[in-house]
Amino acid sequence: MAKTWLITGTSSGFGKALAQIVAQHDGTNLIAAARKLSDLDYLNAYDQTKIEKVIIDVTNKEQIATAVQQGQTKFGTVDVLVNNAGLGNFGTVEESNEADVRQLFEVNVFGLANVTKAVLPVMRAQKSGLIINVSSVLGITSIPTFGWYSATKFAVEGYSNALRQEVNGLGINVMLAEPSGARTKWNAGKTAPVQIDDYKQFADMINGAASGTTQAPGDPVRIAQLMFDVATGDDPVPAHLPLGEFATNGMKQELTKTLADVDKYHDLSLKADSPA
Ligand SMILES: NC(=O)c1ccc[n+]([C@@H]2O[C@H](COP(=O)([O-])OP(=O)(O)OC[C@H]3O[C@@H](n4cnc5c(N)ncnc54)[C@H](OP(=O)(O)O)[C@@H]3O)[C@@H](O)[C@H]2O)c1
């Protein structure tokens with residue numbers, strides 16, 4: 001039976017690339033979500049019997065409920081949920097605008113959780129499903145000027161790692177996709193320019209990130225294809241899927257540094273517990 005994919009944020013970037021792959025693949029149906037249906041006109045080129053276009057702003061629970069219902073009415077199941085919708089944000093931790101940061105969490109963390117909460121009852125009822133949460137290499141490591149963005153992706157990692165353990169016994173799996181920088185319009189995120197002289201060394205980094213990710217090595221079409229291949233391949237779906245050279249090496253370096261601290265302070269750490 002055909003597997004039905006629900007993908008958020010299919011107007012551009014990874015989401016659009018993945019939607020095109022799913023739309024063309026034999027044996028998959030597509031519920032393509034975007035904030036504006038007109039952004040999904042590109043899907044008119046494909047077989048409409050296997051596509052349902054839905055409106056989802058991930059911060060709007062009513063829209064999410066309606067969209068999931070719409071998809072279920074057409075296809076009966078949601079087998080794969082791809083929580084892809086997300087915002088970028090560039091600025092030092094101190095200089096970032098609080099309202100922008102709260103909105104970032106609203107979309108990248110609570111929005112992802114809103115969609116997941118709406119789809120989980122469907123997956124629990126069918127006793128199967130795969131949730132792919134699009135995190136980032138910056139959900140494992142962090143770099144200057146991406147602190148708040150990184151904080152949202154660390155939140156997605158923690159949330160996903162707990163959820164996986166809660167639903168694994170119910171036939172549901174959770175995979176974290178962790179791309180490095182890619183050529184999408186993600187750079188349209190909010191920017192807090194450097195104003196405090198002490199941070200001037202980061203000004204170019206912020207301006208560069210905000211002005212375009214076109215130099216980023218990641219190719220959204222390749223990234224989408226790899227996500228699809230791993231999700232549909234014969235091997236068990238992994239908990240973490242780094243995508244790109246910086247993703248792989250950045251994650252390795254961070255985990256190695258963390259392990260070095262854990263090892264160095266092993267004996268001291270054990271002193272924190274009350275004696276038996
Ligand atoms: N590009 C990178 O370097 C990179 C690296 C690692 C991870 N990521 C992650 O990959 C995911 C996709 O980003 P992308 O790089 O493909 O960027 P993108 O081209 O900007 O796509 C982002 C998508 O999210 C949607 N979106 C934003 N706010 C939304 C909301 N409130 N409700 C529903 N949809 C919303 C956008 O819709 P609109 O068109 O309506 O704004 C768009 O479809 C994000 O989670 C991002 O954090 C990106």
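Select Ile 7 first. In this predicted model, Ile 7 is buried, with a relative accessible area of 0%. The residue is part of strand β1. Now add Ile 56 and draw a C-alpha to C-alpha distance. The two residues are 49 apart along the chain, and their C-alpha atoms are separated by 9.9 Å.

**The annotated span**

Next, select residues 3-180. UniProt lists this range as "domain: Ketoreductase", in an unreviewed entry. Colour the span by secondary structure: 43% is helix and 21% is strand. Then go to its two ends. Their C-alpha atoms lie 28 Å apart.

**The cavity**

How many cavities of 30 Å³ or more does the structure hold? There is one. The volume of the largest cavity is about 40 Å³. To find the spot, select the lining: Asn 89, Phe 90, Ser 96, Asn 97, Asp 100, Lys 190, Thr 191 and Ala 192. Two elements give two or more residues to this lining: β5, through 89-90, and β8, through 190-191. Now colour the lining by residue class. Four residues are polar, two are charged and two are nonpolar.

**From the cavity wall to an aromatic pair**

Keep Phe 90, one of the cavity-lining residues, and add Phe 146. The two rings form an edge-to-face pair. Their centres are 5.5 Å apart, with 85° between the planes. Are these two residues buried or exposed? Both Phe 90 and Phe 146 are buried. Why does the pair deserve a stop on the tour? Phe 90 lies in strand β5 and Phe 146 in the loop between β6 (129-134) and α4 (147-167), so the contact ties together parts that are 56 residues apart in sequence. The aromatic pairs come to three in the count.

**Two positive phi angles**

Step back to Thr 145. Its place is also in the loop between β6 and α4. Check the backbone: phi of Thr 145 is near 75°, a positive value in a residue other than glycine. Thr 145 is buried, with a relative accessible area of 4%.

Now jump to Lys 127, in the loop between α3 (98-126) and β6. Phi of Lys 127 is near 60°, again a positive value in a residue other than glycine. What is the relative accessible area of Lys 127? The value is 63%, so Lys 127 counts as exposed.

**A charge over a ring**

Select Lys 16 and Tyr 42 together. The charged end of Lys 16 sits over the ring of Tyr 42. The distance from that end to the ring centre is 4.8 Å.

**The second largest pocket**

Move on to the second largest pocket, with a volume of about 220 Å³. Its lining has 13 residues. Which of them lie nearest the centre? Select Lys 3, Asp 79, Val 80, Leu 130 and Ala 231. Then show the elements that give two or more residues to the lining: β1 (3-7), β6 and α6 (220-232). β1 is the strand that holds Ile 7, the residue at the start of the tour. Colour this lining by class too. Six residues are polar, five are nonpolar and two are charged.

**Long distances to Lys 200**

Stay with α6 and pick Val 230, which is found in that helix. Val 230 is partly exposed, with a relative accessible area of 25%. Draw a C-alpha to C-alpha line from Val 230 to Lys 200. The two residues are 30 apart in sequence and 42 Å apart in space.

Leave Lys 200 selected and go to Thr 59, in the loop between β3 (51-55) and α2 (61-75). Thr 59 counts as partly exposed, at 34% relative accessibility. Draw the last line, from Thr 59 to Lys 200. These residues are 141 apart along the chain, and their C-alpha atoms are separated by 34 Å.

Technical notes: Residues are numbered from 1 along each chain as its sequence is written. This is a predicted model: local features need pLDDT of at least 70, side-chain atom pairs count only at pLDDT 80 or more; totals for chains, interfaces and linings use all residues. Side-chain values use heavy atoms; hydrogens and water are left out. On a 1 Å grid over the protein atoms alone, a cavity is a set of points where a 1.4 Å probe fits but cannot get out, and a pocket is an open set with protein on both sides within 12 Å along at least five of seven lines; lining residues have an atom within 4 Å of a point. Grid points are joined across faces, edges and corners, and a volume is the space filled by probe spheres set on the points. Helices (H or I, at least four residues) and strands (E, at least two) are DSSP runs, numbered from the N terminus. Ala, Val, Leu, Ile, Met, Phe, Trp, Tyr, Cys and Pro count as nonpolar, Asp, Glu, Lys and Arg as charged, and the others, Gly among them, as polar. Rings of Phe, Tyr and Trp (its six-membered ring) pair if their centres lie within 6.5 Å; planes under 30 degrees apart count as stacked, over 60 as edge-to-face and the rest as tilted. Buried means under 20% relative accessible area, exposed over 50%, partly exposed in between (1.4 Å probe, protein chains only). A charge sits over a ring if NZ of Lys or CZ of Arg is within 6 Å of the ring centre and within 35 degrees of the ring normal. UniProt positions are given in the numbering used here, feature names are shortened, and annotations may be inferred rather than shown by experiment.
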